[in-house]
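Here are my notes for anyone opening this model for the first time. Have the view ready and follow along point by point.

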Amino acid sequence: MISNIKLKNFKSIKSSDFEMRNLNVIMGMNGQGKSSFIQSLLLLRQSDGLSNGILKLNGGEMGLINIGITKDALYQFAGNGENLEYEIKFDNDSELKIKTLYESGADYFYISNLSDFQEKLKTDRILEQPLFTNRFQYLNAQKVEPAEANKASFTAVSVNDDLGKYGEYTAHYINQKGSNNLHLMNLLHQKSKEIDEVTGIELIKTSLIDQINFWLGEISPGVSVKTQKVTNELVLLDYEFHQPNLGTTNKFKPQNVGFGISYALHVVTAILKAQNGDLIIIENPESHIHPRGQAELGKLIAKASLNNIQIIIETHSDHIVNGIRVAVKEQPELQDRVILHYFEKIVEETEQFSKITDITIDKRGSLSDYPGNLLNEWSNQLFKLM
């Protein structure tokens with residue numbers, strides 16, 4: 001797990017030190033540098049030539065990000081001779097330092113401290129960290145739209161344990177691994193227990209698909225996910241809804257039940273499939289989801305961080321954050337596992353850059369700091385109506 005990141009001269013981030021915990025919530029208005037922070041990690045992840053000293057700015061269609069060329073990635077107001085630098089510490093006391101050389105027009109940065117860097121990769125086994133292995137999941141803000149026919153990928157699902165950066169393999173993942181038991185048993189939904197009508201024995205539903213349905217039920221009550229693999233490249237996805245005393249409805253195509261359920265399906269599956277040691281990065285988990293569902297999603301994400309995993313989410317949702325705050329109040333042991341990083345742009349005469357405020361949550365669910373424009377827009381608009 002990453003314990004600290006020092007980042008210098010990357011896009012709008014001039015120089016910042018990020019304390020990292022199990023759950024890291026990235027917040028701020030648009031254009032303040034939030035995505036830049038996430039991209040700095042994706043840049044390392046997609047650089048398959050990292051051990052050869054190459055930071056690849058563009059991953060192509062199959063990559064994670066496409067930044068452009070060096071001038072697009074380097075902090076605009078960097079001084080002469082100043083370049084992109086990383087310093088990343090992990091919880092096993094290993095450390096990765098990267099200093100780069102700038103070449104105008106290049107689509108990569110070359111690592112200048114290459115011999116020391118390569119030695120660290122070897123001695124500290126850096127490439128075994130989740131950021132560089134199949135214990136990594138990234139969901140882009142632009143998730144795949146609801147569709148009955150969904151892509152299948154044996155490599156993504158069976159080899160890499162991956163939903164795809166847009167969630168394009170979520171249906172295949174559920175079809176392939178839905179019967180598997182949850183790894184993180186504290187994520188079992190409160191409705192997981194039932195009494196067998198014949199034996200009277202208490203049963204606990206622990207499968208991934210059961211838990212996906214339970215948690216999706218917090219967003220759309222009674223929903224049930226159905227998948228069917230048609231070919232090696234195609235999986236069908238439908239939804240049913242439970243009707244008390246009447247069984248279930250007919251199957252509905254995803255495009256006929258609204259965006260919220262399908263968008264939530266990717267996020268819920270990404271959290272519920274996690275196992276100890278994972279690193280999960282999710283942009284805008286709240287997309288198209290009702291406020292109550294957002295709050296419940298925040299609680300689920302917070303509960304997941306009680307395990308030995310690391311989650312980074314970028315969100316604009318007060319409801320996600322408040323769901324996390326409620327979870328901390330209900331489970332005070334979360335207090336030291338959650339941190340918010342609030343981004344805001346500082347504009348000076350000669351430069352502008354991202355300022356990051358670290359915000360913690362106490363056992364009552366209160367925040368340690370309330371920067372401007374944080375969690376107060378409801379009050380702002382309500383005041384105008386009075």
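**Notes on the model**

1. Let's start with one residue: glutamate 296 sits in helix 8 (helices here are DSSP runs of H or I with at least four residues, strands are runs of E with at least two, and both are numbered from the N terminus). Glutamate 296 is buried, with a relative accessible area of 15% (buried means under 20%, exposed over 50%, and partly exposed in between, using a 1.4 Å probe and protein chains only). Setting aside neighbours within four places in sequence, glutamate 296 is in contact with Trp215 and Glu218 (contact means heavy atoms within 4.5 Å).

2. A word on what you are looking at: this is a predicted model, where local features need pLDDT of at least 70 and side-chain atom pairs count only at pLDDT 80 or more, while totals for chains, interfaces and linings use all residues. Residues are numbered from 1 along each chain as its sequence is written, and side-chain values use heavy atoms, with hydrogens and water left out.

3. Now helix 6. Of its 9 residues, 8 are buried, so helix 6 is largely enclosed by the rest of the structure. The buried residues include Leu208, Ile212, Phe214 and Trp215. And what covers them? Helix 5 (170-177), strand 12, helix 7 and helix 8 (291-304) are among the elements that do.

4. On to the main sheet I'd look at: 6 strands form an open sheet in the order 8-15-16-3-17-18, with mixed pairing (two strands pair if DSSP finds at least two bridges between them). Strand 8 and strand 18 (352-359) are at the edges with a single partner strand each, so one side of each has no neighbour in the sheet. On average, neighbouring strands of this sheet are turned by 15° against each other, direction ignored (axes are lines fitted to C-alpha atoms, for helices over the stretch in contact, and angles run from 0 to 180 degrees between N-to-C directions).

5. Within that sheet, strand 3 (residues 23-28) and strand 16 (residues 310-314) run parallel and are joined by 4 bridges. Asparagine 24 stands opposite isoleucine 312 in strand 16.

6. Which helices should you look for against these strands? Helix 7 (residues 259-272) packs on the sheet and touches strand 8, strand 15 (279-283) and strand 16, its direction making about 165° with that of strand 15. Helix 9 (residues 318-330) lies across strand 3, strand 16 and strand 17 (338-347), and runs at about 145° to strand 3.

7. Two hairpins are worth a look. Strand 5 and strand 6 pair in the antiparallel sense over 5 bridges, with glutamate 87 opposite lysine 97 in strand 6. The hairpin they form has 4 residues between the strands, and aspartate 93 in the turn has a positive phi of about 70°. At 71% relative accessibility, aspartate 93 counts as exposed. Strand 6 also pairs with strand 7 (residues 108-111), antiparallel over 2 bridges, and here leucine 101 stands opposite tyrosine 110 in strand 7. That hairpin has 6 residues between its strands, with glycine 105 in the turn at a positive phi of about 85°.

8. Aspartate 161 deserves a check too: its phi is near 55°, a positive value in a residue other than glycine. Aspartate 161 lies in the loop between helix 4 and helix 5 and is buried, with a relative accessible area of 8%.

9. Finally, the pockets (on a 1 Å grid over the protein atoms alone, a pocket is an open set of points where a 1.4 Å probe fits, with protein on both sides within 12 Å along at least five of seven lines; lining residues have an atom within 4 Å of a point). The largest pocket has a volume of about 670 Å³ (the space filled by probe spheres set on the points, which are joined across faces, edges and corners). Its lining has 24 residues, with Met62, Gly63, Leu64, Asp162 and Lys165 nearest the centre. Strand 8 gives the largest share of that lining, 3 residues.

10. The second largest pocket has a volume of about 420 Å³. It is lined by 16 residues, and those nearest its centre include Asn213 and Phe214. Helix 6 supplies the largest share of this lining, 3 residues.
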